[in-house]
Amino acid sequence: MILKPSFPYQLYLVISEKDCLGKNFLEVAEKSILGGVDIIQLREKNTSTEDFFRKALALKEITEKYNIPLIINDHFEVAEKIGSAGIHVGNNDKSPSSLRNELFFKDKIIGYSIEYLSQLENVNTELSDYLGISPIFNTDTKKDTVTEWGLDSLSKIRSLTEKPLVAIGNINSYNAASIIKAGADALAVVSAICSTENPEKAAYEIKNEIVK
């Protein structure tokens, strides 16, 4: 059995330039780290590989400055090229079982999005370091999902697996504590940090709800 690295991160920022609503996404990322974000995923849809690579490289300078892991969404070529801390994949992306067979991803963080309970029993869940429970509540930032889990289903998933659970989907400082109580190990946030005027304050307020 492969020993997986632990997942000690609590506030997980999922960032894209679009979600920052005209603000410099690199500044948003840095301010969010100062506010308490401890892991960042770059998720850029509908962009070229070259553009994704350029943004990832620039973001990696910031995450390395603060010793924060950078996760790349979907783009395994970009993840390998920049030497990211890991990758996050869904059902329509390259699978964790396939990635684990590649030298670069053998010991990297691999996150895997869960949209059906049956996925908890597959080899991809076994080979992942954490499960993205997506979405907890429906959200405008991600429209290609199947299930709106809600708190009851999150609790059920918690009872069925020991894997770290990262909840995502319309999470903010008002519902953060209830999602942690329902069984999430970490909260992944997009709009509640990226779209705000003060990302540092927004991150601080959500982190405070997690740790209190």
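Reader: I'm looking at aspartate 74. Is that residue buried or exposed?

Author: Keep in mind that this is a predicted model. Buried means under 20% relative accessible area. Aspartate 74 has 19% relative accessibility, so that residue counts as buried.

Reader: Which side chain does aspartate 74 meet in a salt bridge?

Author: Look for a side-chain nitrogen of Lys or Arg within 4 Å of a carboxyl oxygen of Asp or Glu. Here the partner is lysine 45, at 2.8 Å from N to O. The two belong to distant parts of the chain, 29 residues apart: aspartate 74 is in the loop between strand S3 (70-73) and helix H3 (76-82), while lysine 45 is in the loop between strand S2 (39-42) and H2. Unlike a buried residue, lysine 45 is partly exposed, with a relative accessible area of 40%.

Reader: How many salt bridges does the structure hold?

Author: There are 13. Try the one between lysine 55 and glutamate 17, with 2.9 Å from N to O. Lysine 55 belongs to helix H2 (residues 49-65) and glutamate 17 to the loop between strand S1 (11-15) and helix H1 (25-35), so this pair ties together parts 38 residues apart in sequence. Lysine 55 counts as buried at 5% relative accessibility, and glutamate 17 as partly exposed at 38%.

Reader: What else does lysine 55 form a salt bridge with?

Author: Aspartate 51, where the closest N and O atoms are 3.1 Å apart. These two sit 4 residues apart in helix H2, which means about one helical turn separates them. Both are buried. Zoom out and you get a network of salt bridges linking Glu17, Glu44, Asp51, Arg54 and Lys55.

Reader: On to the rings. How is a pair of aromatic rings described?

Author: By the distance of the centres and the angle of the planes. A search of the whole structure turns up 4 aromatic pairs. One of them joins phenylalanine 7 and tyrosine 9, edge-to-face, at 5.1 Å centre to centre with 85° between the planes. Both of those residues are buried. Tyrosine 12 and tyrosine 130 have ring centres 5.8 Å apart and planes at 65°, so they are edge-to-face too. That pair links distant parts of the chain, 118 residues apart, with tyrosine 12 in strand S1 and tyrosine 130 in strand S6 (residues 130-133). Phe7, Tyr9, Tyr12 and Tyr130 make up one aromatic cluster.

Reader: Where does the charged end of lysine 81 sit?

Author: Over the ring of phenylalanine 53, 4.7 Å from its centre. Lysine 94 has its charged end over the ring of phenylalanine 76, 4.2 Å from the centre.

Note on methods:
Residues are numbered from 1 along each chain as its sequence is written. This is a predicted model: local features need pLDDT of at least 70, side-chain atom pairs count only at pLDDT 80 or more; totals for chains, interfaces and linings use all residues. Side-chain values use heavy atoms; hydrogens and water are left out. Buried means under 20% relative accessible area, exposed over 50%, partly exposed in between (1.4 Å probe, protein chains only). Rings of Phe, Tyr and Trp (its six-membered ring) pair if their centres lie within 6.5 Å; planes under 30 degrees apart count as stacked, over 60 as edge-to-face and the rest as tilted. A charge sits over a ring if NZ of Lys or CZ of Arg is within 6 Å of the ring centre and within 35 degrees of the ring normal.
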